[in-house]
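Here is a short walk through one protein model, written for reading with the structure open beside you. Let's take a surface feature to start with, then the fold, then the charges.

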Amino acid sequence: GYQRGWFLKGPVAKYSITFLGVRPAANQRMNGVIFNLSDNELLAIDRREKRYCRQLVELNSIQPLTNAPLRQAQYWIYVPEAEQIALANKQYPIIQ
């Protein structure tokens, strides 16, 4: 599973702040949104989320809120590099 939280450190301009991020975590669950993208739209999100790694999410690890089955497709999540994960602190405050 994955865990969402305030633990993605990142410099923005001359400030250092903490962003909301996700990280792999055993026995954890989180909610999310699934939407279709064209190849060009996916590449645009890759550019926007350049500080994250796009990782494949296995279909059997996704539990939809409805009884409608998910179609066979690729499902992705953007996860920060391990060295970018740190809890918020005085140097990297939460400002959002």
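## A tryptophan at the surface

Trp6 is partly exposed, with a relative accessible area of 33%. Please keep in mind that this is a predicted model, so the value for Trp6 is computed from predicted coordinates, as its partly exposed status is. Along the sequence, Trp6 belongs to strand 1, which covers residues 2-12.

Which residues make a nonpolar surface patch with Trp6? The partners are Leu20 and Ile94, and the patch comes to about 250 Å². Trp6 can be part of such a patch because its 33% relative accessible area meets the requirement of over 30%.

## The overall fold

If you trace the protein chain from its start, you will meet the elements in the order β-β-α-β-β. That makes 4 strands and 1 helix. For a sense of scale, the C-alpha trace spans about 45 × 35 × 20 Å along its principal axes.

How much of the chain is buried? Of its 96 residues, 24% count as buried. The chain exposes about 7600 Å², and 52% of that area is supplied by carbon and sulfur atoms. Contacts tell us about the fold too: among those between residues at least 6 apart in sequence, 58% join residues at least 24 apart.

## Charges and salt bridges

On the charged side, the protein chain carries 12 positive and 7 negative side chains. The centres of these two sets lie 10 Å apart. How many salt bridges are there? The count comes to 2.

One of them pairs Asp46 with Arg54, whose closest N and O atoms are 2.7 Å apart. Arg54 is partly exposed, at a relative accessible area of 28%, because that value falls between the 20% and 50% cut-offs.

The other salt bridge joins Glu49 and Arg48, with the closest N and O atoms 2.6 Å apart. Is each partner buried or exposed? Glu49 counts as buried because its relative accessibility is 15%, and the cut-off for buried is under 20%. Arg48, by contrast, is exposed, with a relative accessible area of 64%. This salt bridge therefore links a buried Glu49 to an exposed Arg48.

Technical notes
Residues are numbered from 1 along each chain as its sequence is written. This is a predicted model: local features need pLDDT of at least 70, side-chain atom pairs count only at pLDDT 80 or more; totals for chains, interfaces and linings use all residues. Side-chain values use heavy atoms; hydrogens and water are left out. Helices (H or I, at least four residues) and strands (E, at least two) are DSSP runs, numbered from the N terminus. Buried means under 20% relative accessible area, exposed over 50%, partly exposed in between (1.4 Å probe, protein chains only). Contact means heavy atoms within 4.5 Å. Accessible areas come from the Shrake-Rupley method with a 1.4 Å probe; for residues, only the protein chains shown count as cover. Lys and Arg count as positive and Asp and Glu as negative; His and the chain ends are not counted. The place of a charge is taken as NZ of Lys, CZ of Arg, CG of Asp or CD of Glu. A salt bridge is a side-chain nitrogen of Lys or Arg within 4 Å of a carboxyl oxygen of Asp or Glu. Patches are made of residues with over 30% relative accessible area and no salt bridge: like charges are joined within 9 Å, nonpolar side chains (Val, Leu, Ile, Met, Phe, Trp, Tyr) within 5 Å.
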